[in-house]
Amino acid sequence: MSANYTNQKKLLKHLKKGKTPAYTYLVDLYYEQLCNYAQNLARDDYQSEDIVQNVIVRIWQQRDKLNSNINIKNYLYRSVYNEFIDQYRRSNAITALEKKYIEGLDIVLEDEDFNNSERIMAMVMKTVENLPPKCRETFLLSKKEGLTYIEIAEYQNVSVNTVEKQIGKAIRIVRETLKDKIKTVLFLLLGLNSKNVEH
């Protein structure tokens with residue numbers, strides 16, 4: 001029976017029609033691979049299986065919505081990644097203000113046309129240089145080198161969770177060190193013009 005589904009078009013067609021042999025074939029073929037991928041993301045056996053099971057169940061529940069032209073393997077891997085991110089955000093929610101600081105530092109480090117960028121850049125980078133070594137490395141790999149959290153995790157051989165915690169730690173240290181000075185970034189981020197700032 002499995003040989004009948006080596007053709008991806010046929011596999012998707014039968015999945016959409018709710019044929020259980022197609023679903024069984026999909027699970028048998030990809031389940032272990034997806035668990036290994038999820039394990040690299042979460043670094044937790046229980047969570048990785050939970051992630052994959054959620055994705056697999058959702059595939060069946062929403063089978064009628066599957067696009068017949070997708071690459072099913074890429075779709076599954078992307079779904080596992082998205083499920084991991086969703087679970088991480090639910091369990092490690094950061095405040096809206098922290099998000100603004102992160103976005104603000106992104107702009108400072110990436111946008112050369114940012115108002116007063118050289119002055120703010122100098123303040124931020126001086127603080128960054130004084131961060132703990134691993135925290136500084138993680139922060140710079142993300143903000144200066146443009147690596148994703150997954151890429152940093154693979155490079156440092158740590159979990160994505162650890163990378164995000166290091167970034168969060170860096171943000172908190174920078175925010176505490178710069179204190180009122182960083183408000184300049186927030187004012188600009190929040191769309192406040194010079195008149196708003198003066199008031």
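Mentor: Before we start, a definition: the expected span of a helix is 1.5 Å times one less than its number of residues. Keep in mind, too, that this is a predicted model.

Trainee: Okay, let's try that on α3. How far does α3 reach from its first C-alpha to its last?

Mentor: Start with the length, which is 17 residues for α3. At 1.5 Å a residue, the expected value is 24 Å. The model comes close to that, since the reach from first C-alpha to last is 24 Å.

Trainee: Which residues of α3 are buried, and where on the helix do they sit?

Mentor: The buried ones in α3 are Ser48, Ile51, Val52, Val55, Ile56 and Ile59. Looking down the axis of α3, you'd find these buried residues within an arc of 125°. So they line one face of the helix.

Trainee: And which exposed residues does the face turned away from that buried side carry?

Mentor: Just flip α3 around in your head, away from its buried side. The exposed residues carried there are Tyr46 and Gln61.

Trainee: Tryptophan 60 is in α3 as well. Is it buried or exposed, or something in between?

Mentor: Buried would need a relative accessible area under 20%, and exposed would need over 50%. Tryptophan 60 has 22%, so the word for it is partly exposed.

Trainee: Which residues is tryptophan 60 in contact with, leaving aside its neighbours within four places in sequence?

Mentor: One clue is in the backbone: the C-alpha atoms of tryptophan 60 and tyrosine 23 are separated by 7.4 Å, though the two are 37 residues apart along the chain. Tyrosine 23 does turn up among the contacts. The full set for tryptophan 60 is Gly18, Lys19, Thr20 and Tyr23.

Trainee: On to the largest nonpolar core. Which helix gives the most to it?

Mentor: This core has 41 residues, and Val80 is one of those with the most contacts inside it. Several helices each supply at least two residues, among them α1, α3 and α4. The one that gives the most, with 10 residues, is α2.

Trainee: Where does this core lie relative to domain 1 and domain 2?

Mentor: Check who contributes: domain 1 (8-104) and domain 2 (114-191) both give residues to this core. So the core lies between them.

Trainee: Now salt bridges. The structure holds 2. Which residue does glutamate 83 pair with?

Mentor: Glutamate 83 sits in helix α4, and its partner is in helix α3, 25 residues apart. Glutamate 83 is buried at 5% relative accessible area, while the partner is partly exposed at 30%. The closest N and O atoms are 2.8 Å apart, and the partner is arginine 58.

Trainee: What about glutamate 137 and lysine 134: how many residues apart are they?

Mentor: Their side chains meet in a salt bridge at 3.3 Å, N to O. Glutamate 137 is partly exposed at 29%, and lysine 134 is partly exposed at 42%. Both lie in helix α7, about one turn of the helix from each other, which comes to 3 residues apart.

Trainee: Last one. Cysteine 135 is in α7 too. Which residues does it touch, not counting those up to four places away in sequence?

Mentor: Cysteine 135 counts as buried, at 1% relative accessibility. Its C-alpha is separated by 6.9 Å from that of isoleucine 167, 32 residues apart along the chain. The residues cysteine 135 touches are Gln166, Lys169 and Ala170.

How values were computed:
Residues numbered from 1 in each chain as written. Predicted model: local features only at pLDDT ≥ 70, side-chain atom pairs only at ≥ 80, totals over all residues. Heavy atoms only, no water. Helix = DSSP H or I, 4+ residues; strand = E, 2+ residues; numbered from the N terminus. Buried < 20%, exposed > 50% of the residue type's maximum accessible area, 1.4 Å probe, protein only. Contact = heavy atoms within 4.5 Å. Arc of directions from axis to C-beta. Core = buried A, V, L, I, M, F, W, Y, C linked by side-chain atoms within 4.5 Å. Domains from an automatic or database assignment. Salt bridge = Lys/Arg side-chain N within 4 Å of Asp/Glu carboxyl O.
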